[in-house]
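Student: Could we go through this model together? I would like to start with the packing and then move to the backbone.

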Amino acid sequence: MVREQIEARGIRNPDVLRAMRSTPRHLFVPIAVRPYAYSDQPLPIGFGQSISQPYIVALMTELLAPKKADRVLEIGTGSGYQTAVLARLSRHVYSIEIVAALAKPAKEQLAAMGYGNVTSRQGDGYQGWPGEAPFDRILLTAASPDIPGAPSTSSPIPAGWSPRSVESVRAGTGRRRQIRHRGIHRRAVAPVRFVPMVLE
């Protein structure tokens with residue numbers, strides 16, 4: 001999976017590649033689709049949600065560039081797979097999932113696998129996590145018309161800003177070929193199909 005789907009498409013960060021090799025994707029998908037766990041495709045996880053294809057997880061992680069000392073906010077836990085990858089690369093991950101039927105099993109799975117540096121909860125991530133802010137990094141795993149809450153980081157925010165593209169979003173001074181929108185600089189990175197962000 002890592003060699004053919006991720007490295008072959010240009011992901012070069014050795015820490016990201018190591019994290020992807022070390023995180024068992026099949027444990028984060030329903031039993032019915034486990035035969036396809038390492039295939040180059042998103043998979044349904046129920047309730048209208050999906051787990052992104054491995055390349056997209058790696059791409060968003062490389063764009064985020066988490067460091068060992070970072071506190072990361074993930075909006076959209078899903079099955080917990082992206083959470084687990086982030087946890088291998090950062091000091092602590094705070095993850096929010098709005099769908100209760102996904103939040104509970106993801107939290108249990110992450111705990112069972114020994115991810116002690118993850119705090120997750122069920123709730124609406126659109127307002128961020130004020131009680132734990134500021135964060136060093138923020139990752140948004142669904143298509144949202146805007147950045148949820150007030151950004152508490154100046155680092156790139158990999159996001160499904162539109163349902164059909166991964167975008168690197170930055171609060172602050174933009175660079176060439178970035179598009180300024182409501183004080184936020186956006187740069188399209190790759191085409192993709194994201195599920196829409198669920199709001200309460």
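Student: Which strands does α3 lie across, and at about what angle does α3 run to β6?

Tutor: This is a predicted model, and that applies to everything that follows. In it, α3 lies across β3 and β6, and its direction makes about 155 degrees with that of β6.

Student: What is the order of the strands in the sheet?

Tutor: The order is β5-β4-β3-β6, in an open sheet of four strands with parallel pairing. The edge strands are β5, residues 118-122, and β6, each of which pairs on one side only. From one strand to the next, the twist averages 15 degrees.

Student: Which strands does α5 touch?

Tutor: Helix α5 packs on the sheet and touches β4 (92-97) and β5. The direction of α5 makes about 160 degrees with that of β5.

Student: How many bridges join β3 to β6?

Tutor: Four bridges join β3, residues 71-75, to β6, and the two strands run parallel. Within that pairing, L73 stands opposite I138, and E74 stands opposite L139.

Student: Are the residues on the two faces of β6 buried or exposed?

Tutor: Both faces of β6, residues 137-140, are covered. R137 and L139 are buried on one side, and I138 and L140 are buried on the other.

Student: Back to α3. How many of its residues are buried?

Tutor: Ten of the eleven residues of α3 are buried, so the helix is largely enclosed by the rest of the structure. Among them are P54, Y55, V57, A58 and L64.

Student: What does α3 supply to the largest nonpolar core?

Tutor: Helix α3 supplies eight residues, the largest share of that core. The core has 37 residues, and the members that touch the most others are I6, I11, M20, I51 and Y81. Elements that each supply at least two residues include α1 (2-6), α2 (14-22), β1 (43-46) and α5 (100-112).

Student: Take M20, then. Which residues does M20 touch?

Tutor: Leaving out residues up to four places away in sequence, M20 touches M1, V2, I6, P54, V57, A58, Y81 and V85.

Student: Which residues belong to the second core?

Tutor: The second core is separate and has eight residues, including I75, Y94, W129 and F135. Y94, W129 and F135 also form one aromatic cluster.

Student: How many aromatic pairs are there in the whole structure?

Tutor: A search of the whole structure finds three. One of them is formed by F28 and Y81, a tilted pair at 5.9 Å centre to centre with 55 degrees between the planes. It links distant parts of the chain, since F28 is in the loop between α2 and β1, Y81 is in helix α4, and the two are 53 residues apart.

Student: Why does each of these two rings count as buried?

Tutor: The cut-off for buried is under 20% relative accessible area. F28 counts as buried because its relative accessibility is 4%, and Y81 counts as buried because its value is 1%.

Student: Which arginine lies over the face of Y81?

Tutor: R25 does, at 5.8 Å from the ring centre. In addition, R9 lies over the face of Y55, at 5.0 Å from the ring centre.

Student: Turning to A103, which residues is A103 in contact with?

Tutor: A103 is found in helix α5. Apart from neighbours within four places in sequence, A103 is in contact with E97 and Q122. A103 and G78 are 25 residues apart in sequence and 7.0 Å apart in space, C-alpha to C-alpha. A103 counts as buried because its relative accessibility is 11%.

Student: Now the backbone. Is the peptide bond from A133 to P134 cis or trans?

Tutor: That bond is cis, with omega near 5 degrees. P134 is found in the loop between β5 and β6.

Student: What about F47: where is it, and what is its phi?

Tutor: F47 is in the loop between β1 and β2 (49-51). Its phi is positive, near 60 degrees, in a residue other than glycine. F47 counts as exposed because its relative accessibility is 55%.

Student: Which residue follows α3, and what is its phi?

Tutor: A65 follows α3, with a positive phi near 55 degrees. A65 lies in the loop between α3 and β3 and, at 23% relative accessibility, counts as partly exposed.

Methods. Residues are numbered from 1 along each chain as its sequence is written. This is a predicted model: local features need pLDDT of at least 70, side-chain atom pairs count only at pLDDT 80 or more; totals for chains, interfaces and linings use all residues. Side-chain values use heavy atoms; hydrogens and water are left out. A nonpolar core is a set of buried Ala, Val, Leu, Ile, Met, Phe, Trp, Tyr and Cys residues joined through side-chain atoms within 4.5 Å. Buried means under 20% relative accessible area, exposed over 50%, partly exposed in between (1.4 Å probe, protein chains only). Contact means heavy atoms within 4.5 Å. Two strands pair if DSSP finds at least two bridges between them. Rings of Phe, Tyr and Trp (its six-membered ring) pair if their centres lie within 6.5 Å; planes under 30 degrees apart count as stacked, over 60 as edge-to-face and the rest as tilted. A charge sits over a ring if NZ of Lys or CZ of Arg is within 6 Å of the ring centre and within 35 degrees of the ring normal. Axes are lines fitted to C-alpha atoms, for helices over the stretch in contact, and angles run from 0 to 180 degrees between N-to-C directions.
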